[in-house]
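Trainee: Got a minute to walk through this one with me? I'd like to go feature by feature.

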Amino acid sequence: MNGPLHVGHGFTASRVDAYARFKRMQGYNVLFPWAWHWTGETIAGASERIKNGDETLIRAFREMDGVSEENLKKFVDPVYMASYYTDDSRESVKRIGFSVDWRREFHTTSLYPTFSKFVEWQCERLREKGYIIKGTYPVVWCPHDQSPTGDHDRQTGEGVVPEEYVLIKYRMEDGAILPSATFRPETIYGITNIWINPDADYVKARVNGESWIISKTAANKLAEQLKKVKIITNFKGKEIIGKQFTSPLSTKKMLILPGWFVSPDNATGVVYSVPAHAPFDWLALRDLQNNPELLKEFNIDPEAVKKIQPISLIKVEGFGEHPAVELVDQLGVKDQHDPKAEEATKALYKKEFHGGVLKEICGEYTGKQVNKVKDILIKAFKEQGIADSMYDLPEPVVCRCMTPCQVKLLKEQWFIKYSDETWKTKTKETLDQACIYPETARQWFLNIIDWLKEWPCARRSGLGTVLPWSPGWIVETLTDSTVYMAFYTINKHLKQYNIKSEQLTPEVFDYIFYGKGNPQTIAEQTKIPTKQLDEMQNEFLYWYPVDLRVSAKELLPNHLTFFLFQHTALFPDHLPQAIGVNGMLSIEGKKMSKSKGNFVTLKDALNHFGADATRCALLLGGEGMNDPDWRRDTVGDIKSKLRGFQSLTDNIIKNAKETKTEHLEEWLISVLQDRIKIVTENMESLKTRTALENALFEVWNDFRWYIRRKEKLNSKILKEALETWIRLLAPFTPYMCEEIWNKMGHEGFVSLADWPVYDENKVNVQAEETENLIKNVMEDTSNILRATKMVPKEIYYYSAASWKWKAYLTALKKSASGTLAINDLMKELMADPELKTVARKVAKFARGITEEINRMPEDMKQRQLQIGALDEASLLGKAEAFFGREFNVKVHAYREDEQRLQDPKRKAGYARPYRPAIYIA
């Protein structure tokens, strides 16, 4: 709550609300609760920036959020800011129509003491189970706050974690160590030189008693990683370029060369070169060899550099001796500054790590697979004293207080032990029993479960709950937001009975959630009556487990996976049933960014477009993990469409009184069954976009076709069909649907009406195939007119002769047993006396339909077999007036074998079942 809800929040929550309303209409009791996250540095950091006069943030609050000057002055208090945005956002949630049970609302932090007691209980139980431990681990650290910085406490760099580098100790002639950082220690056997950035700042420093040459920023980093660092001298990198060094595995002297691609901010700022297997190294070496003038200022002999050749050490399928050289040539990488160099590096690293085998040059490790030898090498090198390690961040991380973060090896810190292998296995079992929407996200979860290690669960600053056994530490933002759903179930009672935080002992939660302890004893100790304790326990047992948790994919690597871990640990008998993961919403095709002004608040969207249009635009934006895009023009178009829809419904309600049921009414009721089925199936699997597309646009197309064919809105059946349509749309556009439902004469809410159920008895295949025929004939006619640019005077339609229908249906039946073969089909057709009399025509016809039937979907075959031969001549005859209106001409319909046939251009013979021949005069 350091800002208002935006349309990205609205996207995720609209999916949840549509699902909640859908399930409610299916007859379920549905709890959709809502609360507010105040924990962490997010709000405190923003408040501090206001206090420090950060004009960028102040302008954003003023211009984008509409915060008054009076309130801006009060934003120096983080609690006031959180309260302000909570009140503002609650109003938006209500306006958009989310069906929330507000009796359960709360906010996190110690300012809501009953929730803090729940978090204390959560942490104590995790600690008892051995999942919260104390130790020394690398964390992302904010020097200003003197605190670990979790994902949600970051301005930039969410998801970034410390990475461990191996430092290979190369030695200069004066004994100074060049600790070169790498993820690939096996490549030490292919080193040809070392790269130093000539323009960067370096230092000679005493590190744990040794003399190291490292970048100035590296010295500061190492000091935070339990290393004793004392800087002796400062110098520019160019001062040591051209000097020589040796590898710890060889006495061969090699050169230090200028590498402008080397970042002093990355690890030690010292990079060893393996041009056979590292594209950047090969490119930098090639650049120097091809441009010897680059070496002049360093007094390096160009011939000495030209003699440097790549050394091959890894055999990998698909490449020769020097994979980096080959890949650079294949991709056409120009030089070390070409963006394709990074692409080449990632591709080759992956290929060599997973499929590479070490060559003879690697000594005792010859024949070992790269991915299996890495840890063995690191252990051996460290034991030999030729390697060390350090941690660094692969991308910049900035705290919410706007301080750049770094890695710190933190002693005496509390961590959640997500590395526990037994816990990981159990969490995978939790994942296995849950539905994941979309299913493709399941592998993401498995990867994250495998990847997760210790996670710092407390910080020194910001808002939150005090760690119960360690005052001075606050439970961090991604630890108190994992099992709070259990608190929803009882918060209604805590408010109703005015139960105080001091009454909520651990034993109270143990009884409610685990059924542990004697209720009479607990009641005596806490002054909470047993009746109230039992009510809370029953409420928890009624609602738990969580049936559906939905969030954006950016939270999959932390929040959603922690949700699985902690439910596995704390609620093993009530495991989550389903998780929905959705994409990240962009604005006008660009990433949403408040600082760049590309930002739309939910309140502004509602002010401009209203609730129903906003909901529809969000839900139609995407499903699965695809990223939706909010475009103002699109939302405006949807708003106009909804107005048109309301106009149509008003017309139907006003005029639909005729009780007579004919073919078109039967068709409309029939196709609605399929729409009901599709919308229901998609809602069950949280495919909200597909569900809404069908509920709104496809049903609308059905109504349009009916009106186009009928030219009247007077059928009572149309009104009955409208009732079904409104119920299908109710989860998506609740305001509009309630209004229309009321206009139709219903007293209750449509949101509580029964969800439409597919009724097979109302399916009329013949009516549907009849209208499909009419649509196809009309489309074919339009295509001919468009292609020929004719202005028609008359149109003739010719339906297939009865013998063609007989042959066609015989072929359909025969195809049910497998692929239709022309020889087998002809044998069966010639056994029919009627068909034998026109054998030559039958043979030609059979050849034409065989391939067509073999390509036909099985359900289409079954539908056509179910209804048998269509009397197309009669059906087209009845539609003559319709075709005449559509094309503004006289229309004639004949069967190709009838006596009254008029066929001036001999087109009738081209007719096939379901494909009438067309002649346009």
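Trainee: Leaving aside neighbours within four places in sequence, which residues is W630 in contact with?
Mentor: Bear in mind that this is a predicted model. W630 sits in the largest nonpolar core, where W630 and F883 touch the most other members. Skipping the neighbours within four places in sequence, the contacts of W630 are V7, L585, S586, I587, E588, V600, A605, F609, T614, A617, L618 and V635.

Trainee: How many residues does the second, separate core have?
Mentor: The largest nonpolar core has 152 residues. The second one is separate from it and includes C123, I449, V475 and F571. Its residue count is 70.

Trainee: Zooming out, what percentage of the contacts in the protein chain with a separation of 6 or more comes from residues 24 or more positions apart?
Mentor: Some context on the chain: it holds 34 helices and 29 strands. Buried residues make up 55% of its 921 residues. For contacts with a separation of 6 or more, the share from residues 24 or more positions apart is 75%.

Trainee: And how far apart are the mean positions of the positive and negative charges?
Mentor: The C-alpha trace spans about 110 × 85 × 55 Å along its principal axes. Within the chain there are 126 positive and 125 negative charges. The distance between their mean positions is 2 Å.

Trainee: On to charge pairs. Is E70, which meets K74 in a salt bridge, buried or exposed?
Mentor: The two side chains meet with an N to O distance of 3.7 Å. Both residues lie in helix α4 (residues 69–74), 4 residues apart, about one turn of the helix. K74 has a relative accessible area of 35%, so it counts as partly exposed. E70 reaches 55% relative accessibility, and the cut-off for exposed is over 50%, so E70 is exposed.

Trainee: What about R184 and E186: buried or exposed?
Mentor: R184 forms a salt bridge with E186, and their closest N and O atoms are 3.2 Å apart. For this pair, both residues come out as buried.

Trainee: Which strands does the D201 and K236 pair link?
Mentor: D201 and K236 form a salt bridge with the closest N and O atoms 2.9 Å apart. The pair links distant parts of the chain, 35 residues apart. D201 is partly exposed at 41% relative accessibility, and K236 is partly exposed at 34%. The strands are β7 (residues 201–207) for D201 and β9 (residues 229–236) for K236.

Trainee: Which residues do salt bridges that share partners join into one network?
Mentor: The structure holds 57 salt bridges. Some share partners, and these join their residues into one network. The members are D101, R103, R104, K492 and E539.

Trainee: Backbone oddities next. Where is P438, at the end of the cis peptide bond from Y437?
Mentor: The peptide bond from Y437 to P438 has omega near 0°, and it is cis. P438 is in the loop between β18 (435–437) and α14 (441–451).

Trainee: What is omega for the cis peptide bond that joins Y544 and P545?
Mentor: P545 is found in the loop between α18 (530–543) and β22 (549–552). For the cis bond joining Y544 and P545, omega is about 10°.

Trainee: A267 has a positive phi although it is not a glycine; is it buried or exposed?
Mentor: L226 also has a positive phi, of about 60°, without being a glycine. L226 is in the loop between α7 (216–223) and β9, and counts as partly exposed at 47% relative accessibility. A267, with phi about 55°, is in the loop between β11 (253–258) and β12 (270–273). At 2% relative accessibility, under the 20% cut-off, A267 is buried.

Trainee: Last one: how far apart in space are Y170 and G515, C-alpha to C-alpha?
Mentor: Y170 is in strand β4 (residues 163–172), and is buried at 0% relative accessibility. Not counting residues up to four places away in sequence, Y170 touches residues including I177, F245 and Y272. Y170 and G515 are 345 residues apart in sequence, and their separation in space is 62 Å.

How values were computed: Residues are numbered from 1 along each chain as its sequence is written. This is a predicted model: local features need pLDDT of at least 70, side-chain atom pairs count only at pLDDT 80 or more; totals for chains, interfaces and linings use all residues. Side-chain values use heavy atoms; hydrogens and water are left out. Helices (H or I, at least four residues) and strands (E, at least two) are DSSP runs, numbered from the N terminus. Buried means under 20% relative accessible area, exposed over 50%, partly exposed in between (1.4 Å probe, protein chains only). Contact means heavy atoms within 4.5 Å. Lys and Arg count as positive and Asp and Glu as negative; His and the chain ends are not counted. The place of a charge is taken as NZ of Lys, CZ of Arg, CG of Asp or CD of Glu. A salt bridge is a side-chain nitrogen of Lys or Arg within 4 Å of a carboxyl oxygen of Asp or Glu. A nonpolar core is a set of buried Ala, Val, Leu, Ile, Met, Phe, Trp, Tyr and Cys residues joined through side-chain atoms within 4.5 Å.
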